[in-house]
Amino acid sequence: MSVISDLINLNLSECTKKIIAEYIWIGGSGTDLRSKARTLSGPVKDPSELPKWNYDGSSTGQASGEDSEVILHPQAIFKDPFRRGDNILVMCDAYTPAGDPIPTNKRHNAAKIFSNPVVAAEEPWYGIEQEYTLLQKEANWPLGWPIGGFPGPQGPYYCGTGAANAFGRDIVDSHYKACLYAGINISGVNGEVMPGQWEFQVGPAVGISAGDEVWTARYILERIAEVAGVVVSFDPKPIPGDWNGAGAHANYSTKSMREDGGYEIIKKAIEKLGLRHKEHIAAYGEGNERRLTGKHETADINSFKWGVANRGCSVRVGRDTEKAGKGYFEDRRPASNMDPYIVTSMIAETTIVWKP
């Protein structure tokens, strides 16, 4: 194994100018991540310098066997924390050979929304709180839980410490540092209410970059868990019963909200979100009805309400925002398996562009 470890950690810059680019894309389920690597002649700084690449869409549920070619368009570059050096991770979206976005390419429409001059002028900022659950690979059961059994009730696990309360911290901390190395604006991590469940936060990120960064952070997490022999679950309610679910709360502000008088803009934006509640819920992740029950720090999926410092609401406004009269709000409805391209662009479209 030491030979393999030595080879994995080879510093290619000592013998060649060539680099490795890992192309990443979203698979046919809309939640799975795929990747493959290629050699480039030298370091690359901008996605426009990268070649497009094809893959077999019939093997990812994104094309038929008779016409299987799908084209990857590089969109964002990050430093590769696994290979290091000048090697890179490349977040891509997928198109037909004719240049049309395939159905699972949600980035294309999001980019159109964020390029709208009205939206761009508002400089929408996002902070995504990505919750997830670590599972024992063989048992498909949360890390740290007795096989076929349950730990003690919730209470000591949120931001908990010690071997009895925190399970998987080595994975979490490795992920944190790897994201910082990659250039992702990861702003923090913490243990969550259910044991074996964790959260990382990405942001502030502007516009389309929020989706690029969250997806790449998910990819890095999956790769680290792969090495650790642990499964990452983004199921919004992995364990039924009296256990918290997993969400991806979206903190959001616009330039107008961050300026003096912004609180009134925030209230108008929240009102618009309420008017389109059903449309947002339909786009906020699969299985969310199991999580949004009105219990465990959620609002019921069939109702919309907002409040200050209330974690039982659909949308929460912080005390600091209320006091300052400007700031941001938190949409607590998105599920952990949501597509950040859809959620971020939809919030911008509803609050900035849409007219009731």
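## The loop at N140

In the loop between β6 (125–136) and β7 (141–142) lies N140. The model described here is predicted. Although N140 is not a glycine, its phi is positive, at about 55°. For context, a negative phi is found in most residues other than glycine. N140 has a relative accessibility of 53% and therefore counts as exposed, the cut-off being over 50%.

## The loop at H296

A second loop, between α8 (277–283) and β12 (306–308), contains H296. H296 is not a glycine, yet its phi is positive, at about 55°. Its relative accessibility is 22%, so H296 counts as partly exposed. That class lies between the buried limit, under 20%, and the exposed limit, over 50%.

## A cis peptide bond in β9

Strand β9 spans residues 197–206 and includes P204. The peptide bond that leads from G203 into P204 is cis, and its omega is near 0°. In general, most peptide bonds are trans.

## Helix α7

Helix α7 covers residues 262–275, a run of 14 residues. From the first C-alpha of α7 to the last, the helix reaches 20 Å, which is close to the 20 Å expected at 1.5 Å a residue.

Several positions of α7 are buried: G262 and Y263 at the start of the list, then I266, A269 and I270, and finally K272 and L273. The buried set thus includes the lysine K272 alongside residues such as I266, I270 and L273.

Conventions. Residues numbered from 1 in each chain as written. Predicted model: local features only at pLDDT ≥ 70, side-chain atom pairs only at ≥ 80, totals over all residues. Heavy atoms only, no water. Helix = DSSP H or I, 4+ residues; strand = E, 2+ residues; numbered from the N terminus. Expected span 1.5 Å × (residues − 1). Buried < 20%, exposed > 50% of the residue type's maximum accessible area, 1.4 Å probe, protein only.
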